[in-house]
Amino acid sequence: MSIADAIARLDFRPPAFRPGHVWLAGAGPGDAGCLTLDVLSALAEADCVVYDALVSEAVLAAAGKAERYFAGKRGGKPSTEQEDITRRLIALAREGKRVLRLKGGDPYMFGRGGEEALALAKAGIPFRVLPGLTSALAGLAGASIPATMRGINKAVVLATGHAAGTDEDLDWAALAKTGQPIVVYMGLKNLPLIAPALVAGGLAADTPAAVIEHATTPRERVVVATLGTLANEAETAGIAAPALIVIGGIVSMRAELRG
Ligand code: SAH
């Protein structure tokens, strides 16, 4: 049986994608296999796709003839760029297009999807949110690291490292005190600040830790070390964004679970 047959046998009836509507969707971590059916069907129907840097070509390939607009951040003035993106979404919708706003992972997980949805709501543009697999969960699974493991953890902290070292930074010591594994998005650059902050908060420097670069894609690389050594090891390996950092006993499962 083909995948098309299997889909046809599902009771899957995506809502109609109407002209003038915006669908704010999550493309997952990169691998086309991590797309949801809803998002795949939106890709098939959209007139235009406004996508972020994190959305892979493997996923965009499904868009067919839809117009493509790259909305990746170029650094410098993120808030102005964010306003440009929402302005574009609103303008395309007002032109009567079926607008697919595609973000990496899940649209409401550290992707400013909430802000975009708010702007659409304020502008009176009808929109819908289609969830995606967030990179932390899909990336861990893909790297043979269970997000929870009986006997190891009862919670997982999903944090952003982008504000590390600023006034808006998280209380890393408080997170360390939970004793639960921490997965950090956007943390690679600030790892040399985050790791010592966690150690200062009471997490042992020999806690297993890993970085996962380009999770779930053919470019995936995983570096396993300890909290104390990870920043150096990642740098030596030349790890670059996008990357996730994971700290906690669950990382040690990888050695046994890797196929
Ligand atoms: N909405 C996204 C996160 C956006 S923030 C989600 O749900 O996954 C951007 C950060 O996500 C990156 O800096 C990186 O930490 C992480 N990320 C996204 N895709 C990734 C991938 N394929 N591999 C590793 N990290 C990824």
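## Basis of the model

A polar contact is a pair of N or O atoms within 3.5 Å; within protein, one must be able to donate a hydrogen and the other to accept it, and residues adjacent in sequence count only if both atoms are side-chain atoms. The model is predicted: local features need pLDDT of at least 70 and side-chain atom pairs pLDDT 80 or more, while totals for chains, interfaces and linings use all residues. Residues are numbered from 1 along each chain as its sequence is written, and side-chain values use heavy atoms, with hydrogens and water left out.

## Ligand contacts

Around the ligand there are 17 residues (a heavy atom within 4 Å), of which Pro29, Met109, Thr134, Ser135 and Ala243 come nearest. Backbone N or O atoms lie 2.8 Å from a ligand nitrogen atom in the case of Pro29 and 2.9 Å from a ligand nitrogen atom in the case of Gly104. From Thr134, a polar side-chain atom lies 2.6 Å from an oxygen atom of the ligand. The protein covers 92% of the 540 Å² of accessible area (Shrake-Rupley method, 1.4 Å probe) that the ligand has on its own.

## Helix H5

Helix H5, a DSSP run of H or I with at least four residues, numbered from the N terminus, spans residues 113-123. Gly113, Glu116, Ala117 and Leu120 are buried (under 20% relative accessible area, 1.4 Å probe, protein chains only). Seen down the axis of H5, these buried residues fall within an arc of 100° (directions from the helix axis to the C-beta atoms), so they line one face of the helix. The face turned away from the buried side carries Leu118 and Lys122, which are exposed (over 50%). Just after H5, Gly124 takes a positive phi of about 75°.

Methods:
Helices (H or I, at least four residues) and strands (E, at least two) are DSSP runs, numbered from the N terminus.
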